[in-house]
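Colleague: I would like to work through a model feature by feature. Please give the general idea each time, then the case at hand.

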Amino acid sequence: STPCFEYWIFSHYEYSTTPLARYADIRPLLLRIQDLVDYEKGKRGLFSLTQSRLEAALNNADRANRAAEAANTDNPITQMPRLIRYLRELARKKNA
């Protein structure tokens, strides 16, 4: 993810295409989200906090990635939707 993994976390709650240079730029955005007011890198329990918002995150990230491509930029983008869909497909094949 550009600028950092936290952009993916943010995508669970909001859509944004504002360019962000580094973690220090996105941290204030995370801290204004009620679930993340105490966010620090390596926060435990993050999956359980964000799991119910996965589809929103995928939609927000896909939308932001399309906007970044149209604007010929890579900030912000995340490839996490690609990874999530790949893992889902592997699980589907395993259970078939």
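Modeller: We will go from the overall fold to the pocket, then to single residues.

Modeller: This is a predicted model, in which local features need pLDDT of at least 70 and side-chain atom pairs count only at pLDDT 80 or more, while totals for chains, interfaces and linings use all residues. Residues are numbered from 1 along each chain as its sequence is written, and side-chain values use heavy atoms, with hydrogens and water left out.

Colleague: How many helices and strands are there in the protein chain?

Modeller: Helices (H or I, at least four residues) and strands (E, at least two) are DSSP runs, numbered from the N terminus. Here the protein chain has 5 helices and 0 strands, which gives the pattern α-α-α-α-α along the sequence.

Colleague: What does the radius of gyration of the protein chain say?

Modeller: The radius is taken over C-alpha atoms, and the globule rule is 2.2 Å times the number of residues to the power 0.38. For 96 residues the rule gives 12 Å, and the protein chain has 14 Å, close to that value, so it is as compact as a globular protein of that length. Along the principal axes, its C-alpha atoms fill a box of roughly 45 × 35 × 20 Å.

Colleague: What share of the residues counts as buried, and what area does the protein chain expose?

Modeller: Buried means under 20% relative accessible area, exposed over 50%, and partly exposed in between (1.4 Å probe, protein chains only). By that cut-off, 35% of the 96 residues are buried. Accessible areas come from the Shrake-Rupley method with a 1.4 Å probe, and for residues only the protein chains shown count as cover. The protein chain exposes about 6,200 Å², of which carbon and sulfur atoms supply 51%.

Colleague: Which share of the contacts joins residues at least 24 apart?

Modeller: A contact means heavy atoms within 4.5 Å. Among contacts between residues at least 6 apart in sequence, 55% join residues at least 24 apart.

Colleague: Now the pocket. What is the general idea?

Modeller: Rolling a probe the size of a water molecule over the atoms shows where empty space is left. On a 1 Å grid over the protein atoms alone, a pocket is an open set of points with protein on both sides within 12 Å along at least five of seven lines, whereas a cavity is a set where a 1.4 Å probe fits but cannot get out; lining residues have an atom within 4 Å of a point. Points are joined across faces, edges and corners, and a volume is the space filled by probe spheres set on them. The largest pocket has a volume of about 240 Å³. It is lined by 13 residues, and W8, H12, F47, T50 and L54 are the closest to its centre.

Colleague: Which helices supply the lining of the largest pocket, and how do its residues divide?

Modeller: Helix 1 (6–11), helix 3 (46–50) and helix 5 (80–95) each supply at least two residues; helix 5 has the largest share, with 4 residues. Ala, Val, Leu, Ile, Met, Phe, Trp, Tyr, Cys and Pro count as nonpolar, Asp, Glu, Lys and Arg as charged, and the others, Gly among them, as polar. The lining divides into 9 nonpolar, 3 polar and 1 charged.

Colleague: Is W8 buried or exposed?

Modeller: W8, in helix 1, has 5% relative accessibility and counts as buried. Leaving aside neighbours within four places in sequence, its contacts include L54, A57, L58, A61 and I84.

Colleague: Is D62 buried or exposed?

Modeller: D62 lies in helix 4 (residues 54–70) and is buried, with a relative accessible area of 19%. Not counting residues up to four places away in sequence, D62 touches P81 and R85.

Colleague: Where are the cis peptide bonds to be found?

Modeller: One runs from T2 to P3, with omega near 15 degrees. Another joins N75 and P76, with omega about 0 degrees. P3 is in the segment before helix 1, and P76 is in the loop between helix 4 and helix 5. T2 has a relative accessible area of 25%, which makes T2 partly exposed. Beyond four places in sequence, T2 is in contact with Y7, D74, N75, P76 and I77.

Colleague: What is the phi of N72?

Modeller: Phi of N72 is near 55 degrees, a positive value in a residue other than glycine. N72 is also in the loop between helix 4 and helix 5 and is exposed, with a relative accessible area of 74%.
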